[in-house]
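This report is meant to be read beside the sequence and the 3D view. Please keep both open while reading.

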Amino acid sequence: MASIRREADGTYTVRYRKPDRGSTMKRGFRTKRDAEAFAATVEVSKLKGEFISVSAGRTTVGDLGEKWLANQAHLKPSTLRVTESAWAVHVRPRWGSVQISDILHTEVQTWLSAMSATKSATLVIRCHGILAKILDNAVMDRMLSTNPARGVKLPRKAKKEHVYLTHEQVHALAGEAKHPLLVLFLAYTGLRWGEATGLRIRDVNPLRRRLNVVQNAVEVGNTVVVGTPKTHERRSVPYPEFLAEALSEQMKGKLPDDLLFAGADGGFLTRTGTSKTSRGWFVGALQRAGLPRMTPHELRHTAASLAISAGANVKAVQRMLGHASATMTLDTYADLFEDDLDSVGAALDHAASQKIVLKTRSQA
């Protein structure tokens, strides 16, 4: 049990044992009653398995953050890069030297609100997630009783309007592009840029007109890192028959391990000249075709739109795009299914009308 001692200055000190049997103390209680109350809470917390060491709370966010970051090897390279950047630029400068027991919920909210005034919602949410996950680990390790970063108000991400191209617009864009087949390929398969540029000849099945998406070539800085697709799952994606001849020509003379869409040096084709801010081939093609600004990645939206308008169901579109669930597909492309509401109304009206007719006949 804890022991209480009165000091020469009139304050009280509580000496007690931690769950690991190590001895420690807490000084500075002004009354014996306060000291006894603290001693009682210590014993109760040990019995409940909720004991939090005072010394553990003196650990800084910086110490825990570096350990947390070292354990994020499971993240995709592109995700890990932005996570490391957010930690180094925004989280560590503010919280690195702060002891975890000194962090207040209101201080976290003030920090996030100040960031929201000048930074994007995506960055603010990412920075909050880093701090919150670090403190989650501290709670799990019994270094904190609660996480002061949880329950704060976060900014909402502004939903970006999707750009959907028609069949005619897709072909017009391809006709103006440096890589016409790649434009058509992205717009009719829905593959991500890294998935398309990571395809090898062996991944194309001309007989079934299927693509085996098994890897993703992601640009991290100036390096292309090859890994699994975004959801870590391989998938089979169909391509339309009108692309078959052009793809066969694209594969002619290449070995199974060669890239389907390769750069000038035979290596991975990079995004150079495709972003909204550059004056590269993709932006130039959009301008010449008279189309709104977009990125090659946004051709996935067109692929979803064309597939749905052709009658594909949600589950098929989900598998084609490599979404984790059909719910994600519906949430992302809810606007493409608005016409279905009219069909629901018409179907309900027809069903109700039939019931009324049958009831009228039976009464007669």
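What follows covers strands, one helix pair, salt bridges and one residue near the end of the text.

This is a predicted model, in which local features need pLDDT of at least 70 and side-chain atom pairs count only at pLDDT 80 or more, while totals for chains, interfaces and linings use all residues. Residues are numbered from 1 along each chain as its sequence is written, and side-chain values use heavy atoms, with hydrogens and water left out.

## Strands

Helices (H or I, at least four residues) and strands (E, at least two) are DSSP runs, numbered from the N terminus. Two strands pair if DSSP finds at least two bridges between them.

An open sheet holds 3 strands in the order β1-β2-β3, and their pairing is antiparallel. The edges are β1 (3-6) and β3 (23-29); each has a single partner strand, so one side of each has no neighbour in the sheet. Neighbouring strands here are turned by 20° against each other on average, direction ignored. For such angles, axes are lines fitted to C-alpha atoms, for helices over the stretch in contact, and angles run from 0 to 180 degrees between N-to-C directions.

Strand β2 covers residues 12-17 and pairs with β1 in the antiparallel sense over 4 bridges. Ser 3 stands opposite Arg 15 of β2, and Arg 6 has Tyr 12 of β2 as its bridge partner. β1 and β2 form a hairpin with 5 residues between them, and Gly 10 in the turn has a positive phi of about 95°.

A second hairpin is formed by β4 and β5, with 4 residues between them. In its turn, Arg 209 has a positive phi of about 55°. β5 also pairs with β8. The table lists the pairings described in this section.

| Strands | Sense | Bridges | One residue pair |
|---|---|---|---|
| β1 and β2 (residues 12-17) | antiparallel | 4 bridges | Arg 6 and Tyr 12 |
| β4 (residues 204-205) and β5 | antiparallel | 2 bridges | Asn 205 and Arg 210 |
| β5 and β8 (residues 235-238) | antiparallel | 4 bridges | Asn 212 and Ser 236 |

In a regular strand the side chains alternate between the two faces of the sheet. Strand β5 (residues 210-213) has Leu 211 and Val 213 on a covered face, and Arg 210 and Asn 212 on an uncovered one.

## Two crossing helices

At what angle do the axes of α2 and α5 cross? Helix α2 (residues 61-70) and helix α5 (residues 121-140) have axes that come within 10 Å and cross at roughly 95°. The two helices are therefore roughly perpendicular to each other. Here angles under 35 degrees count as roughly parallel, over 145 as roughly antiparallel, 65 to 115 as roughly perpendicular and the rest as oblique.

Contact means heavy atoms within 4.5 Å. On the α2 side it is made by Val 61, Leu 64, Gly 65 and Trp 68, and on the α5 side by Ile 130, Leu 131, Lys 133, Ile 134, Asn 137 and Ala 138. By class, this contact has 7 nonpolar, 2 polar and 1 charged residues. In this scheme Ala, Val, Leu, Ile, Met, Phe, Trp, Tyr, Cys and Pro count as nonpolar, Asp, Glu, Lys and Arg as charged, and the others, Gly among them, as polar.

## Salt bridges

A salt bridge is a side-chain nitrogen of Lys or Arg within 4 Å of a carboxyl oxygen of Asp or Glu. By this rule the count is 9 salt bridges.

One of them joins Arg 150 and Asp 136, at 2.5 Å from N to O. Arg 150 lies in the loop between α5 and α6 (167-176) and Asp 136 in helix α5, so the pair ties together parts that are 14 residues apart in sequence. Buried means under 20% relative accessible area, exposed over 50%, and partly exposed in between (1.4 Å probe, protein chains only). Arg 150, at 39%, is partly exposed, and Asp 136, at 26%, is partly exposed.

Another salt bridge joins Lys 160 and Glu 298, with the closest N and O atoms 3.2 Å apart. Lys 160 is in the loop between α5 and α6, and Glu 298 is in the loop between α10 (281-289) and α11 (299-309), 138 residues apart. Glu 298 is buried, at 6% relative accessible area.

Are Glu 195 and Arg 192 buried or exposed? Both residues are buried. Their salt bridge has its closest N and O atoms 2.7 Å apart. Arg 192, Glu 195 and Arg 235 are linked in a network of salt bridges.

## Gln 318

Gln 318 is found in helix α12 (residues 314-321). Its relative accessibility is 8%, so Gln 318 counts as buried. Leaving out residues up to four places away in sequence, Gln 318 touches His 323, Ala 324, Ser 325, Ala 326 and Thr 329.
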